[in-house]
Amino acid sequence: PGAQFLAPVRQRITLENVSLEDPGGRAILSGITAELRAGGRIAVMGLDEEANRALVCLIPRLIDPTVGRVRIDGTDLKDVTLESIRA
């Protein structure tokens, strides 16, 4: 309730001290901070395929971080509609 519509990414996607645990309490991501500029390209690589997948799933809000936040152009994804994030 009260979520706002988010315009398409114009500047950046920011991950701020993001940590994620699985239901059993195992750390999948720990303290990730990154800035992804709009229009750029990145590669997600690592030995833990579950961590790679989790990192990518944070952006369309298929999962939420246990700690930290994900922002698009400064707006926390928890404050916007899922429809607008995924569009």
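Thr14 is found in strand S1 of this predicted model, and it makes a good place to start looking. Its relative accessible area is 15%, so Thr14 counts as buried, the cut-off being under 20%. Leaving aside its neighbours within four places in sequence, Thr14 is in contact with Ala34 and Glu35, and also with Arg69, Val70 and Arg71. Two of the names in that list will help you find your way: strand S2 covers 27-37 and strand S3 covers 67-72.

Stay on strand S1 and move along to Asn17, which has its place there too. With a relative accessibility of 45%, Asn17 counts as partly exposed. Its backbone deserves a second look, since phi of Asn17 is near 50°, a positive value in a residue other than glycine. Most residues other than glycine have a negative phi. Arg61 is another residue with a positive phi, near 60°, and you will find Arg61 in the loop between H1 and S3.

Which residues does Gly31 touch, once its neighbours within four places in sequence are set aside? They are Asn17, Val18 and Ser19. Gly31 itself sits in strand S2, and the C-alpha atoms of Gly31 and Asn17 are separated by 4.4 Å although the two residues are 14 apart along the chain. Like Asn17, which is partly exposed, Gly31 is partly exposed, with a relative accessible area of 35%.

Now follow strand S1 to Leu20. Here the relative accessible area is 7%, and Leu20 is buried. Beyond its neighbours within four places in sequence, Leu20 has contacts with Arg26, Ala27, Ile28 and Leu29, with Ala54, and with Ile63, Asp64, Pro65 and Thr66. One of these partners, Ala54, is 34 residues away in sequence, yet its C-alpha lies 8.2 Å from that of Leu20. Ala54 falls within the span of helix H1, 49-58.

From here we can turn to the interior. In soluble globular proteins, nonpolar side chains tend to be buried together. In this model the largest nonpolar core has 16 residues, and those with the most contacts inside it are Leu6, Leu29, Val70 and Leu77. Strands S1, S2 and S3 and helix H1 each supply at least two residues of this core, and S1 gives the most, with four. Leu6 shows how distant parts of the sequence meet: apart from its neighbours within four places, Leu6 is in contact with Ile72, Thr75, Leu77, Val80, Ser84 and Ile85.

Stepping back, how many helices and strands does the protein chain have? There are two helices and four strands, and from the N terminus on they run β-β-α-β-β-α. The radius of gyration is 13 Å, close to the 12 Å that the globule rule gives for 87 residues, so the chain is as compact as a globular protein of that length. Its C-alpha atoms fill a box of roughly 35 × 30 × 20 Å along the principal axes.

A few totals complete the picture. Of the 87 residues, 26% count as buried. Among contacts between residues at least 6 apart in sequence, 56% join residues at least 24 apart. The accessible surface comes to about 5,900 Å², and 51% of it belongs to carbon and sulfur atoms. As for charge, the chain has 11 positive and 12 negative side chains, with the centres of the two sets 6 Å apart.

Definitions and conventions. Residues are numbered from 1 along each chain as its sequence is written. This is a predicted model: local features need pLDDT of at least 70, side-chain atom pairs count only at pLDDT 80 or more; totals for chains, interfaces and linings use all residues. Side-chain values use heavy atoms; hydrogens and water are left out. A nonpolar core is a set of buried Ala, Val, Leu, Ile, Met, Phe, Trp, Tyr and Cys residues joined through side-chain atoms within 4.5 Å. Buried means under 20% relative accessible area, exposed over 50%, partly exposed in between (1.4 Å probe, protein chains only). Contact means heavy atoms within 4.5 Å. The radius of gyration is taken over C-alpha atoms; the globule rule is 2.2 Å times the number of residues to the power 0.38. Accessible areas come from the Shrake-Rupley method with a 1.4 Å probe; for residues, only the protein chains shown count as cover. Lys and Arg count as positive and Asp and Glu as negative; His and the chain ends are not counted. The place of a charge is taken as NZ of Lys, CZ of Arg, CG of Asp or CD of Glu.
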